[in-house]
Structures are given as C-alpha cells and as structure tokens.
Amino acid sequence: MIDFLDESEFGALFQLMEELKEEGRQFEMNVESEYKLSFFASSPEWRMKVFQRVSDFFTAKANRFLDDYVPLIINLFDKEPGGGEVPVHQNWSFVDESRYRSVSVWIPLCDVSRANGTLEVIAGSHDTLTEFRSPSIPWVFDGLWDPLREKYLQPLNLRRGQAGIIDDAIIHWSSDNDTDAVRSTIQLIMVPREATPIHYYRNPENPEQLEIFAVDAEFFTRFQMHEKPVGVQKIGEINGFHYHKLSEAELVEKVSVRNPHIKALV
Ligand SMILES: O=C(O)CCC(=O)C(=O)O
C-alpha cells in the first residue's frame, strides 16, 4: 500500500476519467461480465487511447515506487452497486518470471474496503505456485473458490489517493459492491522496461507444450481471450508442461514458504 496521489493530481485524474469514460460509453463489450472493464470494450482504438492517456498520466508517478517499469495493459474498472464480484484469479504471466516480475498498480478513485468490493489478496501466494498463467491454462487452485474466499483472502483497505502494488502472480479476488455508490478503479499492469513482454498459449490439441509469443501494448488492445495470438511473433516454446491442480493442503504448504502465518488459517 502506498500514498500515491495528492489532491491536485487526483483532480486532474478525475477529469481524465470523465473524458475517457464519456467517450467509451458508446462501445459494446466483447465479454459479458458482472463488472465494467475497459479491456472488454469492442473498440481497439478507444482501448489504445485509454492506454496512451493513462500511461502518460501515471508512468512517471508509478516509477517513484518502481524501478523503471512501463505499462503494458491499462484497465478502467467500474463496479456498480449491488454486484461486480471478480472471481478469484492470478493475473496472467506477462514476463519470464524466472528473470523478472510484472506488477499491477491498483488505484481506487474512492475509499475502498470489503463493503464496496476492494481488492483482496492471499499474502505470500505470488512466488511458489506457478509462473505459467494464461487464459489457455486452468488455475492451479481450480475449484478451491470457497475455502480461498472464506479463509485466506484479506482486503486492502485504502483511502482515496492511496494505491496498492501487487505482484501479478498473487492470488486475488474482489467481492460485490454492497454500497450505493459505484466503485471505480484503475489498474496498470506494468513490466520492467528491459523485459520482453510475453504471452503463453497452450494449444488444447498439444497440452504439454506452451508456445511463447512476444507481445506489446497494441496486442492487448485487440486481444480476444482464449484465441491463439495473431500478428505477434512466436519466440519459443516450453515442452513437457504438466498442469497440476493443487489441493487446499498443497496450496497452503506452497504459500507458507513465503507466508508461514497462513497455516494458522486452515
Ligand atoms: O478491481 C478489482 O476489483 C479487481 C482488479 C483485479 O483483478 C486486478 O487488478 O488484477
């Protein structure tokens, strides 16, 4: 958790959000979901505009806390009153995690807590579960939704002006917004400038192979989930990939390497 924006920065951000969202209202969504995410908007041009304007606003500010990171994906996120749960997930792999880490800078535009569906994380789950995450690979914690939500996920309670920076590999979730006001947030997925951004693709016909594609911000403004990447270069493959679904006990054991306290929550 960081103190991120002062009041004057916040004012400028609010104005930028109004402008972008006003323009975005005309576009259909490619994916039906409980929440509004600019990543799902049907217009790649508008998604690129969001990317450029929000990157310009935030990149230098985020690098007060990071060491030369650049945005790869930017999401504007609105959770309407009475709904908006985001399922338990990890973010996809965006870099070779044996060498680098990508992060999400998560910026609420209002105070956030469990009441309005803040981000909740499992401390320590970012390092020992899997470095291979993609829409074509099932979650290693598949089916453990109830115990994860009930026992291990902990809310980030933030005031307006603060932000959370999470490793993209951390398990996270957010609940419904049970207040009367929309919960708006911005997510910047950022990668080290020197790292090549990547996307793993697992072909259902050859599930023991992961193809590795070099991608960029433009790719993610036109990307359709679950499809094989097009218009980007394949730069390698991983053979002998085995998907292993973890039991709750296995997951706790692995997370406890980074967070020994998790064992007390079982
Ligand atoms: O804003 C939310 O509720 C969820 C955000 C999220 O999943 C993310 O930042 O990766």
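Student: Leaving aside its neighbours within four places in sequence, which residues is V105 in contact with?

Tutor: Two residues are in contact if their C-beta atoms, placed from the backbone, lie within 7 Å, and by that test V105 is in contact with A62, A163, I165, L188 and M190, its neighbours within four places in sequence being left aside. This is a predicted model, in which local features need pLDDT of at least 70 and side-chain atom pairs count only at pLDDT 80 or more, while totals for chains, interfaces and linings use all residues. Residues are numbered from 1 along each chain as its sequence is written.

Student: What makes V105 one of the residues to notice in the largest nonpolar core?

Tutor: A nonpolar core is a set of buried Ala, Val, Leu, Ile, Met, Phe, Trp, Tyr and Cys residues joined through C-beta atoms within 7 Å, and a residue is buried if 20 or more other C-beta atoms lie within 10 Å of its own, exposed if 12 or fewer, and partly exposed in between. The largest such core has 53 residues, and V105 is listed with I122, L188 and M190 as having the most contacts inside it. Strand β3, residues 69–79, gives the largest share of this core, namely 6 residues. In soluble globular proteins, nonpolar side chains tend to be buried together.

Student: How do you know whether β5 is mostly covered or open?

Tutor: Helices (H or I, at least four residues) and strands (E, at least two) are DSSP runs, numbered from the N terminus, and in the strand β5 6 of its 6 residues are buried, which means that β5 is mostly covered. In a regular strand the side chains alternate between the two faces of the sheet. On one side of β5 the buried residues are V103, V105 and I107, and on the other they are S104, W106 and P108.

Student: Which strands pair with β5, and what makes that a pairing?

Tutor: Two strands pair if DSSP finds at least two bridges between them; β5 has 4 bridges to β8 (residues 162–167) and 6 to β10, so both meet the requirement. Both pairings are antiparallel. S104 has I166 of β8 as its bridge partner, whereas P108 has T185 of β10.

Student: Why do β1 and β2 stand at the edges of their sheet?

Tutor: The open sheet of 6 strands has the order β1-β8-β5-β10-β3-β2, with antiparallel pairing. β1 (2–3) and β2 (36–37) each have a single partner strand, so one side of each is left without a neighbour in the sheet. For β2 that partner is β3, joined by 2 bridges, with D78 as the bridge partner of K36.

Student: How do you know which residues are around the ligand, and what classes do they belong to?

Tutor: A residue is near a molecule if its C-beta atom, placed from the backbone, lies within 6 Å of it, and the residues around the ligand include S104, W106, H172, S174, T185 and Q187. Ala, Val, Leu, Ile, Met, Phe, Trp, Tyr, Cys and Pro count as nonpolar, Asp, Glu, Lys and Arg as charged, and the others, Gly among them, as polar; on that scheme the shell has 4 nonpolar, 7 polar and no charged residues.

Student: What makes the protein as compact as a globular protein of its length?

Tutor: The radius of gyration, taken over C-alpha atoms, is set against the globule rule, 2.2 Å times the number of residues to the power 0.38. The radius is 18 Å, close to the 18 Å that the rule gives for 266 residues, so the protein is as compact as a globular protein of that length.
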